[in-house]
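Me: Please take one element of this model and examine it closely. I should like to know how its side chains are arranged and which partners it has.

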Amino acid sequence: MSRIGYKTVTIPDGVDVKREGNDVTVKGPKGSITRTFSPIITMKVTDGEVNFDRPDNNNKTRALHGTTRANFSNMVDGVTKGFAKTLKLVGVGYRAQLKGKLILSVGYSNPVEMDVPSTLKVEVPDNNTINISGISKQEVGDFAAEIRAVRSPEPYKGKGIRYENEHISLKEGKTGK
């Protein structure tokens, strides 16, 4: 059984935590994030540390306890270090461009254009790499998954858009008699 919810979150120097009802705002050197947490889980801020507690051992409450603590920890990490994901385009003629919008040429008859969220920073250092960074782990991951879904890697040749360290298990093709 996991005890993530009971771990203390240490607040580093330069990070401010404000709580108004169920809304928690974390401000740091990279920006600020606001998130609404469940009123079931109690949050105690004392001397640069934050602890979370639950009222009972109900399954839903226990799951919410660990999730709340993990989300808050990710908020603190986001405003101090930030989060990043890198995507690779693998395939002949597959490329990405950034011209206000993210333009992906991945084997369809027309290029796919995607709006970049204002809270994220997207870079295309070369035609086959996309770097996504931001302070919200959820937004970075969601946008990376959205891009990957345009052309997910196929199992025979491995062509498609994949995460940087993702391993694709290739299947064996047909064999002749």
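Reply: Two strands pair if DSSP finds at least two bridges between them, a strand being a DSSP run of E of at least two residues, numbered from the N terminus. The model is a predicted one, in which local features need pLDDT of at least 70, side-chain atom pairs count only at pLDDT 80 or more, and totals for chains, interfaces and linings use all residues. Residues are numbered from 1 along each chain as its sequence is written, and side-chain values use heavy atoms, with hydrogens and water left out.

The element chosen is strand S6, which spans residues 49–53. Its partners are considered in turn. Strand S5, residues 42–46, runs antiparallel to S6 and is joined to it by five bridges. Within this pair, Lys-44 of S5 faces Asn-51 across the strands. S5 and S6 form a hairpin with two residues between the strands, and Asp-47 there adopts a positive phi near 45°.

Strand S1, residues 9–10, is also an antiparallel partner of S6, through two bridges. Here Thr-10 is the residue opposite Glu-49.

The side chains of S6 fall on two faces. Val-50 and Phe-52 make up the covered face, whereas Glu-49, Asn-51 and Asp-53 belong to the uncovered one (in terms of relative accessible area, buried is under 20%, exposed over 50% and partly exposed in between, with a 1.4 Å probe and protein chains only). In a regular strand, side chains alternate between the two faces of the sheet. Two residues of the uncovered face thus recur in the pairing: Glu-49 stands opposite Thr-10, and Asn-51 stands opposite Lys-44.

Key: Helices (H or I, at least four residues) and strands (E, at least two) are DSSP runs, numbered from the N terminus.
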